[in-house]
Amino acid sequence: MKDKKMVLYHRILQIFILYTFLLNINFSIAEDNYVLNIRVGAYDNRPKIYTNEFGQIEGLFPDVLNDIAQQESWKINYVYGSWNECLSRLDNNDIDIMVDVAFSTDRAQRFKFNEETFLVNWATVYSKNDIRINSLIDLKNKRIAVMKGSIHTDGEHGIKQLLQQFAIDCEFVEVDNYKDVLTCLSNNQADAGVVNRIFGSLFFKLYDVKETPIIFNPSHIKFAFPKQSSIAQKLIDRIDYNLAKMKENPNSIYNKAMYVYLSGFPRKLIFTKKTINGDNVFLLTHAEKEWIRNHPHIRFGVDPEFAPFEYLNEKNELNGISFEYISLINNRLGLNMQVVKDMSWNTVISNAKSKKIDVLPCVSITNERKKFLKFSTPYIHFYRAIITRTDMPFLTGIHDIEHMTVAVQENSSHKDYLLDQTSIQPKIYQTLKEALYATSNGEVQAFVGNIASAAFWIRKLNLVNLKIAAPTSQEAQTLHFAVRNDWPELISIINKGLSSLTQKEERAIRKRWVNVEYKPGIDPGVVWRYILQIVGASCLIFLLFLFWNFRLKKEIKKRIQADRELNKANQRLKKLDQLKSMFIASMSHELRTPLNSIIGFTGILLLEMTGPLNDKQKDHLTRVNNSAKHLLNLITDVIDISKIEAGKIDVHPKKFMLAEIIEEAIIAIEPQLKSNNLTLQKYVPDDIQLYTDKKRLLQSLINYLSNAFKYTEKGFVRISAELIDDKIKVSVKDTGIGISQDDIPKLFNAFERLESHLKIKAGGTGLGLYLIRKLVTEILGGEVFVDTKIGQGSTFGLIIPKSISLKNENENDNP
Ligand code: ADP
């Protein structure tokens with residue numbers, strides 16, 4: 001009985017052990033097939049992780065993690081929140097994995113991290129477009145937008161710590177995500193902002209910001225797990241294993257996602273069959289090759305202004321990204337796609353509808369276009385943006401322009417977008433240029449279009465009052481080849497052609513054209529060129545100025561020197577002139593003495609006081625006597641002139657009656673009066689008394705009267721005088737030959753004798769009037785005048801003070 005019992009116990013134990021064993025096996029199997037439900041923290045940080053338009057979480061991390069989950073049969077449930085919410089959920093073990101966490105020793109105290117780094121990231125500082133920030137020092141007293149809780153903000157190598165180390169004070173504007181950081185800059189709520197390099201490089205062009213040279217805090221981005229999680233280690237192992245494997249395979253989702261997201265390409269490219277390195281070229285089928293042979297000419301039409309994608313340059317040559325794609329595909333597949341030029345975009349579209357155009361190489365998909373076209377896989381992407389004038393207020397997105405007048409290009413995807421997805425009734429322009437001009441000159445308030453082509457034309461047309469105000473969304477739009485819908489074969493062929501392009505080829509095309517994309521304002525290169533030209537020109541002008549100045553100084557020096565010498569020469573000449581005058585004056589005296597003897601003795605001989613003379617002797621002696629008298633007159637005049645010029649003439653003022661002196665003058669010229677048939681008239685008041693140099697006045701009057709008689713053949717000579725205030729005016733009028741107007745200025749010059757039939761008969765030296773002028777102006781302190789008409793006679797005269805002034809006396813007394 002006891003044995004039976006023992007056997008029973010034994011059996012029960014065996015069954016239990018077997019059951020336990022079987023149970024164990026079942027459990028293992030069940031665990032292996034068990035679908036782990038994993039809660040993953042999600043937040044908004046494009047392109048690493050974000051919510052798409054359908055509310056699904058996607059991005060670099062989710063796409064890779066989903067692929068790992070598929071391998072590992074995990075079910076991922078995303079738990080959305082802000083960054084800080086995600087981290088506190090991780091603290092509380094409310095989520096199992098948090099993606100996109102930068103590793104730091106601080107954080108390693110708080111969370112578990114996997115080994116394999118997902119990517120290396122760092123922070124980049126962006127600034128508003130209108131300020132210059134070149135180093136950390138330039139951040140002093142600036143407002144800096146940062147993402148709350150980010151490692152780049154509060155981490156041990158974050159911006160706050162960094163600036164504190166350098167004792168740089170500034171104000172921090174804390175926001176929830178990187179999008180808001182850049183929005184703050186566009187919005188003038190901050191001067192600078194910190195974002196991670198990936199977000200920055202992909203999206204900075206959508207904001208009115210620029211990249212600064214400041215980068216900091218390189219960090220290893222990993223997956224983080226709660227400390228107290230029981231499955232953390234298992235998750236870490238599997239993630240590390242898969243990640244390492246994926247990194248090695250160039251066609252893995254990891255590598256494709258890195259390439260697509262970090263280049264800004266549409267996400268769908270990650271999941272196409274196309275490979276990254278292009279080694280998986282799809283070969284054309286026999287039917288496709290046949291189709292190409294049967295279609296030797298394929299016509300494509302372009303938007304002539306859709307730069308930099310496709311456009312006709314100044315020489316009407318096709319240019320742009322899509323043209324390069326066409327050239328590659330044509331070569332590779334033996335296609336002959338040829339552009340049909342000289343059509344507006346509207347004509348191209350209507351020709352595409354009527355199948356006169358077979359291909360449009362660079363268009364986006366719209367419902368309208370789907371009616372007559374088929375589309376290839378996308379090969380370029382672009383952003384749709386709102387362009388406004390620079391003086392327009394800040395915009396955050398498309399809803400801000402719903403009440404505005406908005407320009408859009410006819411037959412563009414943007415027009416369909418506005419009509420389909422907004423309440424805007426756009427104003428349609430035939431070309432992109434017209435739409436931009438309309439925005440620039442205020443005809444409309446905003447323009448919606450492709451950011452790259454708009455930027456290209458803004459720069460090209462120099463529309464400096466336009467700005468890229470806001471993106472319509474952060475979703476990139478795709479561009480495709482479109483083919484007439486009755487040619488589906490060509491779509492398949494083009495898709496194969498696109499797939500055959502290597503990453504290197506596509507990169508090369510992008511590199512060529514990305515550089516000509518949006519550069520705000522004027523190209524700094526152009527500015528520098530102008531600056532250099534201006535500086536060069538200024539330097540040249542400055543050098544010319546210096547050279548000119550130098551020459552001028554030299555010239556001035558020369559002239560001053562010449563002036564000095566001229567002055568000296570002048571002084572010397574004046575001295576010489578005085579010497580000459582003095583010489584003539586003294587020599588003339590010496591001449592006068594023998595002349596007086598000649599005149600005296602010939603006079604005695606002619607009077608026959610020394611005995612009778614025959615006629616011949618009388619004639620000869622008369623000639624000698626006349627010549628000697630002429631010479632004496634000449635010498636007397638020369639002496640007087642020389643004395644005046646040398647300032648050596650004696651002035652002898654005295655009181656006398658005017659009538660007396662006029663009488664004396666008449667007596668002196670009596671011989672002349674007698675020798676011709678002229679009458680002499682005299683109108684002189686008796687009561688005018690003068691106080692002046694009598695001899696010089698007499699000399700002047702005699703000369704005037706003498707001339708009047710010499711140059712008058714018939715009529716009369718009249719001498720008249722009158723008192724005008726304290727001056728006397730004496731005029732000698734004749735009815736003689738008169739003087740032409742042209743000759744008047746020459747009168748009163750030395751040795752000036754005018755041409756007339758009386759010149760020879762009258763004789764003379766040409767010194768008479770000159771001497772009168774000198775005597776009247778320089779001795780008697782008066783002036784001379786003449787009034788004459790050719791053939792009608794002349795009036796010569798003088799006006800002198802009744803009493804000679806002391807000044808004149810003094811002047812003449814003290815030369
Ligand atoms: P001269 O009589 O010795 O030639 P003047 O100096 O007295 O020299 O006169 C200069 C010139 O002026 C004369 O040669 C003459 O041609 C002209 N002239 C002077 N007085 C008269 C006058 N009353 N009528 C016409 N011509 C005159």
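Helices here are DSSP runs of H or I with at least four residues, numbered from the N terminus. The close-ups below all come from a predicted model.

**View 1. Asn-346 and the buried face of helix 13.** Asn-346 is found in helix 13, a run that spans residues 345-353. Buried means under 20% relative accessible area, and Asn-346, at 18%, is therefore buried. Leaving aside residues up to four places away in sequence, Asn-346 touches Glu-410, Asn-411 and Gln-430. Asn-346 shares its buried status with Trp-345, Val-348, Ile-349, Asn-351 and Ala-352 of helix 13. What do the buried residues of helix 13 pack against? Their partners are strand 14, strand 17, helix 14 (367-370) and strand 21 (406-409).

**View 2. Lys-355, just past helix 13.** Follow the chain on from helix 13 and you come to Lys-355, whose phi is positive, near 65°. Lys-355 has this positive phi although it is not a glycine. The residue is found in the loop between helix 13 and strand 17 (359-363). With a relative accessibility of 23%, Lys-355 counts as partly exposed.

**View 3. Asp-725, another residue with a positive phi.** Asp-725 is not a glycine either, yet its phi is positive, at about 50°. Where is Asp-725 placed? Look in the loop between strand 29 (716-724) and strand 30 (727-734). Exposed means over 50% relative accessible area, so Asp-725 counts as exposed at 70%.

**View 4. The cis peptide bond before Pro-47.** Arg-46 and Pro-47 are joined by a cis peptide bond, with omega at about -5°. Pro-47 has its place in the loop between strand 1 (36-42) and strand 2 (50-51).

**View 5. The cis peptide bond before Pro-308.** From Ala-307 to Pro-308 the peptide bond is cis, and omega is near 0°. Pro-308 sits in the loop between strand 13 (305-306) and strand 14 (310-312). Strand 14 also appears in View 1, among the elements that the buried residues of helix 13 pack against.

**View 6. Helix 12 packed on helix 18.** Helix 12 (residues 321-333) and helix 18 (residues 488-500) pack with their axes 9 Å apart, at an angle of about 105°. Angles of 65 to 115 degrees count as roughly perpendicular, so these two helices are roughly perpendicular to each other. Which residues make the contact? Helix 12 brings Tyr-325, Ile-329, Arg-332 and Leu-333, while helix 18 brings Ile-493, Ile-494, Gly-497, Leu-498 and Ser-500. Sorted by class, the contact of helix 12 with helix 18 has 6 nonpolar, 2 polar and 1 charged residues. For anyone tracing the spacing of such positions, an α-helix has 3.6 residues a turn, so residues three or four places apart point the same way.

**View 7. The largest cavity and its lining.** How many cavities of 30 Å³ or more does a search of the whole structure find? It finds 5, and the largest has a volume of about 190 Å³. This cavity is lined by 21 residues, of which Asp-303, Phe-306, Gln-409, Ser-412 and His-414 are the closest to its centre. Strand 17, helix 15 (413-421) and strand 23 (446-450) each supply at least two residues of the lining. Strand 23 gives the largest share, 4 residues. By class, the lining has 9 nonpolar, 9 polar and 3 charged residues. Strand 17 may look familiar from View 1, where it is one of the elements against which the buried residues of helix 13 pack.

How values were computed:
Residues are numbered from 1 along each chain as its sequence is written. This is a predicted model: local features need pLDDT of at least 70, side-chain atom pairs count only at pLDDT 80 or more; totals for chains, interfaces and linings use all residues. Side-chain values use heavy atoms; hydrogens and water are left out. Axes are lines fitted to C-alpha atoms, for helices over the stretch in contact, and angles run from 0 to 180 degrees between N-to-C directions. Angles under 35 degrees count as roughly parallel, over 145 as roughly antiparallel, 65 to 115 as roughly perpendicular and the rest as oblique. Contact means heavy atoms within 4.5 Å. Ala, Val, Leu, Ile, Met, Phe, Trp, Tyr, Cys and Pro count as nonpolar, Asp, Glu, Lys and Arg as charged, and the others, Gly among them, as polar. Buried means under 20% relative accessible area, exposed over 50%, partly exposed in between (1.4 Å probe, protein chains only). On a 1 Å grid over the protein atoms alone, a cavity is a set of points where a 1.4 Å probe fits but cannot get out, and a pocket is an open set with protein on both sides within 12 Å along at least five of seven lines; lining residues have an atom within 4 Å of a point. Grid points are joined across faces, edges and corners, and a volume is the space filled by probe spheres set on the points.
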